Protein chains: 12
Amino acid sequence: MAKTIYVLNGPNMNLLGTREPEKYGRATLADVDRLCRETAERYGFEVVFRQSNMEGQLIDWIQEAQMRGATGLVINPAGYTTTSIAILDALLACSMPVIEVHVTNIHARESFRQNSYVSKAAKAVIAGFGIDGYALAITGLARLLGATAQG
Amino acid sequence: MAKTIYVLNGPNMNLLGTREPEKYGRATLADVDRLCRETAERYGFEVVFRQSNMEGQLIDWIQEAQMRGATGLVINPAGYTTTSIAILDALLACSMPVIEVHVTNIHARESFRQNSYVSKAAKAVIAGFGIDGYALAITGLARLLGATAQG
Amino acid sequence: MAKTIYVLNGPNMNLLGTREPEKYGRATLADVDRLCRETAERYGFEVVFRQSNMEGQLIDWIQEAQMRGATGLVINPAGYTTTSIAILDALLACSMPVIEVHVTNIHARESFRQNSYVSKAAKAVIAGFGIDGYALAITGLARLLGATAQG
Amino acid sequence: MAKTIYVLNGPNMNLLGTREPEKYGRATLADVDRLCRETAERYGFEVVFRQSNMEGQLIDWIQEAQMRGATGLVINPAGYTTTSIAILDALLACSMPVIEVHVTNIHARESFRQNSYVSKAAKAVIAGFGIDGYALAITGLARLLGATAQG
Amino acid sequence: MAKTIYVLNGPNMNLLGTREPEKYGRATLADVDRLCRETAERYGFEVVFRQSNMEGQLIDWIQEAQMRGATGLVINPAGYTTTSIAILDALLACSMPVIEVHVTNIHARESFRQNSYVSKAAKAVIAGFGIDGYALAITGLARLLGATAQG
Amino acid sequence: MAKTIYVLNGPNMNLLGTREPEKYGRATLADVDRLCRETAERYGFEVVFRQSNMEGQLIDWIQEAQMRGATGLVINPAGYTTTSIAILDALLACSMPVIEVHVTNIHARESFRQNSYVSKAAKAVIAGFGIDGYALAITGLARLLGATAQG
Amino acid sequence: MAKTIYVLNGPNMNLLGTREPEKYGRATLADVDRLCRETAERYGFEVVFRQSNMEGQLIDWIQEAQMRGATGLVINPAGYTTTSIAILDALLACSMPVIEVHVTNIHARESFRQNSYVSKAAKAVIAGFGIDGYALAITGLARLLGATAQG
Amino acid sequence: MAKTIYVLNGPNMNLLGTREPEKYGRATLADVDRLCRETAERYGFEVVFRQSNMEGQLIDWIQEAQMRGATGLVINPAGYTTTSIAILDALLACSMPVIEVHVTNIHARESFRQNSYVSKAAKAVIAGFGIDGYALAITGLARLLGATAQG
Amino acid sequence: MAKTIYVLNGPNMNLLGTREPEKYGRATLADVDRLCRETAERYGFEVVFRQSNMEGQLIDWIQEAQMRGATGLVINPAGYTTTSIAILDALLACSMPVIEVHVTNIHARESFRQNSYVSKAAKAVIAGFGIDGYALAITGLARLLGATAQG
Amino acid sequence: MAKTIYVLNGPNMNLLGTREPEKYGRATLADVDRLCRETAERYGFEVVFRQSNMEGQLIDWIQEAQMRGATGLVINPAGYTTTSIAILDALLACSMPVIEVHVTNIHARESFRQNSYVSKAAKAVIAGFGIDGYALAITGLARLLGATAQG
Amino acid sequence: MAKTIYVLNGPNMNLLGTREPEKYGRATLADVDRLCRETAERYGFEVVFRQSNMEGQLIDWIQEAQMRGATGLVINPAGYTTTSIAILDALLACSMPVIEVHVTNIHARESFRQNSYVSKAAKAVIAGFGIDGYALAITGLARLLGATAQG
Amino acid sequence: MAKTIYVLNGPNMNLLGTREPEKYGRATLADVDRLCRETAERYGFEVVFRQSNMEGQLIDWIQEAQMRGATGLVINPAGYTTTSIAILDALLACSMPVIEVHVTNIHARESFRQNSYVSKAAKAVIAGFGIDGYALAITGLARLLGATAQG
């Protein structure tokens, strides 16, 4: 499973496009999936794209990414961002670079959304670009890994 | 599924009646279920009554309530009340009124039980009436929705 | 004075209906009075209904309720909710059950409105149902006292 | 009662001139009354000037000002500045502009005097000019209301 | 009015003897009154003994004590101890020594009862001796004033 | 199921031995399982040994231990230690003694790892002995239960 | 340079009139300059009116005011209000009275705008009157200095 | 050793009379000793009077008082008041009533002097009466113990 | 000046490449300049690239960008990130989208680097990608503006 | 002095068995001494067992243990746990492993007992097993040192 | 530029001697300059002595010192001590030892003057010796660098 | 005893040279003693040099210095720096100047080492120069006292 990037999405991200669209936009999670694959393809990466409302399920997938030797991990921890030390611990056990993405700029929102545990294990953070943040995250990850756009 | 109210119960609520009965009382969750159905019936509502120890499962059900067009949602978030931003986010994505219920008066208990994230998305809060709080919540919800007792 | 419930209202509640109606609604305190009497009557209770802007007056009335052997006390402490230890002390000296009511959901408002001293002496709390909260409070109180609706 | 400004003074302001004169100055509350009337007169306003040590009495007067359609309200909340949410609520229910005045510069004093609840409802704040602050407050209020000095 | 001591009691002190007697004891406020007069008499002082649930009334009486040239002031601010800057300000305007008394040891109780504003203006504080604290306060005040027991 | 001890392990404990071995050591969870069984056997106890990344699953197992009448419960809550009130509530509903174990000395680590909710329901806590902490926990539990090593 | 008042304006005040006009109003800094001169003239004062985005430049000017023996100093520290101890220190070194002005009522805005270091050195503070606050500040300053309006 | 009261003095109390006399007065510790003996004698008590700069020595003496069956204990913990949990623990192990005395009113001093650990084990607290506080403490202790002045 | 992006760099960014290279990398600010121009060119934008150690200079340039109608603004506020309300105010006065960039992941560094005032005015934030963060910022900005890569 | 373990006990531990026995149990410090020697003997260690109420004495003994080349150090810092940086510093100067023991589970007690300075220098912590905690500490220490039970 | 020491002075230090002389003394910055040169000469160092009110200017000079290979840097950051992360960052980029000097003992002043960012990059700190602190700083620096007094 | 300087050293300073030498250096306390005497001699002062692990012993010595009329006092309070109000009080009772010395720069270490109580009574503070700090302290003290180097 060389050359695979995991893109993991936390709770309520399956509602993207219908959930408070004036805040999160109208693109759906399927759109994010497609955007991630297209971007990753340009750098020769495959994408494993998943979403769960379960904290433990996300931890399982992070462990899976590590065990399968994934090249990188992009995570939007959503509602677990500032509350989950368990996800932080799973990420700390990873050897590949981790990129944290948020659709909105969490640093301009309520204070309880601003202190991310996940950031402590992340190589980099992107917030506020809407779903384009995922494309930037994969591009940035590719550069970190020394990949160059193909074709 | 018009005219349906979801009543969701958080972790350890399945122990109601046996768990610290001097604090939570001796009525069981089955009693709560029955009380909710009886009360809802008076206003012409059906009840979907569920309990889970899983944060993610509760989120799934909140999303289900929204997707099925439930008329109202009553939630006793129990141990997730003050720790779950993920449940808050799920509730913020709902368009029906949300009522938060607690069997005990959490505002007279330990300080770590007092700042509810769920309250930020709730229309109203009831705490301290024992299981009668559920009946009051449904009655209050019915009034909010303009329903009047039947028969 | 057996079978009497005191319903006490704190500062500015006399403005109900005209004060920030988009927040507090358009029903007046007279409406609340009527609603309380109707609800109490169903359970065979009389109501003493009062409002004052004076912290000390409210304390006098709480003491009066206790001295006259009132069956229950419903209080909307309004602006004194989070600042009055003196009202808390008066309530702690009462032997009848105390129910705290708020027209709005104070837990979703400014942080300085959220830590109620009154809650420490209250059996139960209801917030956010508008003036219907008073009816629910009296109904809940009646159930606590073992009363059943009559007629 | 068009064209009337209420000037309300909180607890211990009746001691002005004798109370810690090195801090509050030697002018008396009667001097303030006279200064307010003279200043208001210049802009064609009448003044209702009052003082009370009672929080509830001040709330009554704020409500009275609103009910009588006062043009503006100047308040020196004194000892209730940082403790009274009840006064804040009364002011939030007002439609005329509110000006907060302090004889001393509270922002250079003990920290417990610095976070004014009243400021949340005030259009403007003046502190530290001694009793001249009242004259400035009325002048500023007049400008806000578009009045110009007469004669 | 030379040689007079004011003894002022705050909210709910009129309930002494019946209010939570396991905490506050079974002596009544009338007992306190008698004890104060007896103790004061020994040093040749008269006592003005008062109780009110009104913050503003207490302020009026503090001002009265100052205006009548009272020799000393003993105050049990009760529920206003930690919330009333207005009472603090009234005391700061006094020139006679102020003694703060509490029936219980407030420093061993809930944290919200521990930071007394009144203490900032008090010469001395006595807490935890039950009603004997009043006798000790007057004795201590007498010593401060250089009085010696008579007869 | 008399004489059974539950040993429950929280999120990421399945990675033991590979996850940050310089911090958590090189022994695996299978080693812990074996060590627990060997130690328990010496005192005549059987062991139910489980691990999950799911908060809710851990709660289910705690409830199962209680319902089956387990003699004791050893828990390493890992990443849920300082964030899970739901696990705390499940433990508070247990009647057998609870021992909290941590492989590392959490009290010498980041501050966010130091305030354990689980400790509020635990009889005792052991931290920093690596996997030997489990053996010590079972030994200590046996002594609490009055068991003596056999054979 | 007897009889001169310095009026200093901090960062972004040069944008007045175009910057968030719904908050700061539509008058420009040139309007403020004119208003200050007109007001000062009435009391026989000249005005030195300056604006800078540089913290150090503002300090230079404060020192200049002191060295030239200015009669008074009016300062709107804008964005440096709550962050600049260096400006506070410069003001503490001044012997003329300092008046702090804010166009908006900073006490009703975000909490990070509310604790002014500058206030610790200011004789008085005016906030919320829009640009009229400058006129009031100069008027108040004149009264402090014993000047009376001329002509 | 029936009928003995221990009076213990903490660090620097041996300097009484010379140490910051404008704050602590000019009476010496020998004066305090004499005052204590005279007061105790009136109620038929003997006094063990000691002072140490050593926290551990004070603990030894508290333990000695308990082991010898002292009737009461008066302690001025001085500099150890707010820092010594070890002294608190020693006092918690005592069965006789403990009275805490301070020469100055610590509640009107620096904030770091205000949260007394000792108060958590004290029956009563006296602060601010100078050395007369010791006499009041012994008098109050005698009343608590039911002793009446003799002769 | 249509189609121009301002890229502003705060204090010490001129040291990039030599300053703590293990933390900030070995690329220089000239490299960043080149990277920005190359990336911007792809979307048809010109770049104004500047660096200053002066807070006030950065404010001047932000104002300049607004006045010249820049299409977007990328800012690495460096040491002023968490201390400059003045820069925040300048950005709040801008109408073009603002992107905040940090070379390192500030959210995984010292706590005093984590609460960015600039974020309150930023549309999006990128941190931790080294100098590639600038390229991602410009790409993201281009997408926000609807620009597509050319040629 | 190879093969020696120091077991040090802090203030009031000499009262064990008589001090609040419902909290600390009825075993005495002599029992602890015996238990420690028996346990240590099994692993071939000698024990130096000491108790002091003096912070400085404990520091002296910690230094002695280090200078004599003790194999391990077990410490119950009791009342100095959360207040003594001096003991922490002494332990930081030690090269042998340090085990912290508490008779009660301090993490379930008052908050001021929960942040141990000693833990920062401890290899491991045991709390809540009563005096058995000492035996577990020595056993755990032996395992850390690679010792195996003998005979 | 081998053998050169930079001595940098922050805002308002140019006022030394005239600014609050009872606090800062009557020596001027020219006196400090002379004292520094005399002291440095004794160890064979030259001195670059500068003062600015501009934060950015100070950063420029720190960078200059580093680029010119200065042997040491003495800085009195004055009003920027506790507010400037930008100066901290500039100092962190330096390879020569940095000594922080304050004329007054900032640790005995207002709390907002006590947490120095500069200290995080300083080798040593001297505060409270008046201008002699500069001489001590240079002497100390010389010793750190192994220089010995000459002649 | 005119012309004597006390140099007092707190807990664990006797370990200097062996205790964490990478942090505290390799010079011993005997070296410090010698350095102090040499430096003092140059100014005609004698030195009383002491070390203790006992808080109370240090207090005794501070009192001794005061009683014997010492000319100055240099103290390295070590582990008691941030915890001992008792030492602070002893120093506040001294009339000679007090200099606080630390071998390391405590302001760049753990936060619990940074708020020195001792500083509140110190004329000046020196931290981070290793043992040279003592020489600088004595030199600085000599200058404060007007002494000049001899010979």
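What follows is a chat about one sheet and one interface in a predicted model.

Trainee: Is this model predicted or experimental?
Mentor: Predicted.

Trainee: OK, the sheet with strands from chains K and L. What's the strand order?
Mentor: The order is 2(K)-1(K)-3(K)-4(K)-5(K)-5(L)-4(L)-3(L)-1(L)-2(L). That is an open sheet of 10 strands, with mixed pairing.

Trainee: Which are the edge strands?
Mentor: Strand 2 (46–51) of chain K and strand 2 (46–51) of chain L. Each pairs on one side only.

Trainee: And the twist, what does that average?
Mentor: 15° from one strand to the next.

Trainee: What packs on the sheet in chain K?
Mentor: Helix 2 of chain K, residues 29–42, packs there. This helix touches strand 1 (4–9) and strand 2 of chain K. Its direction makes about 160° with that of strand 2 of chain K.

Trainee: Back to the strands. How do strand 4 and strand 5 of chain K run, parallel or antiparallel?
Mentor: Parallel. Strand 4 covers residues 98–102, strand 5 covers 124–127, and 4 bridges join them.

Trainee: What's the bridge partner of Ile99(K) in strand 5?
Mentor: Ala124(K), also in chain K.

Trainee: Switching to chains I and A. What rotation superposes chain I on chain A?
Mentor: One of 180°, with 0.0 Å of shift along its axis. The RMSD is 0.0 Å. That is the relation of a two-fold axis.

Trainee: Which residue of chain I comes closest to that axis?
Mentor: Ile126(I), with its C-alpha at 2.3 Å.

Trainee: Why do you say the copies meet through the same surface?
Mentor: Because 100% of the interface residues of chain I are also interface residues in chain A.

Trainee: How many residues are in contact there?
Mentor: 26 of chain I with 26 of chain A. The buried area is about 2,000 Å², and carbon and sulfur atoms give 55% of that.

Trainee: Which residues of chain I lose the most area to chain A?
Mentor: His107(I), Phe129(I) and Arg143(I). Together they account for 31% of what that side buries.

Trainee: Arg143(I) again. What does Arg143(I) form a salt bridge with?
Mentor: Asp132(A), with the closest N and O atoms 3.6 Å apart. The rule finds 2 salt bridges across this interface. There are also 7 residue pairs in polar contact.

Trainee: Which element of chain I gives the most to that side?
Mentor: Helix 5 of chain I, with 9 residues. Helix 5 spans 132–144, and strand 5 (124–127) of chain I also supplies at least two residues.

Conventions:
Residues numbered from 1 in each chain as written. Chains lettered and ligands numbered in written order. Predicted model: local features only at pLDDT ≥ 70, side-chain atom pairs only at ≥ 80, totals over all residues. Heavy atoms only, no water. Pairing = 2+ DSSP bridges. Axes fitted to C-alpha atoms, helices over the stretch in contact; angles between N-to-C directions. Contact = heavy atoms within 4.5 Å. Least-squares fit on C-alpha atoms with pLDDT ≥ 70 in both. Buried area = accessible area lost by both parts, 1.4 Å probe. Salt bridge = Lys/Arg side-chain N within 4 Å of Asp/Glu carboxyl O. Polar contact = N/O pair within 3.5 Å; in protein donor to acceptor, adjacent residues only side chain to side chain.
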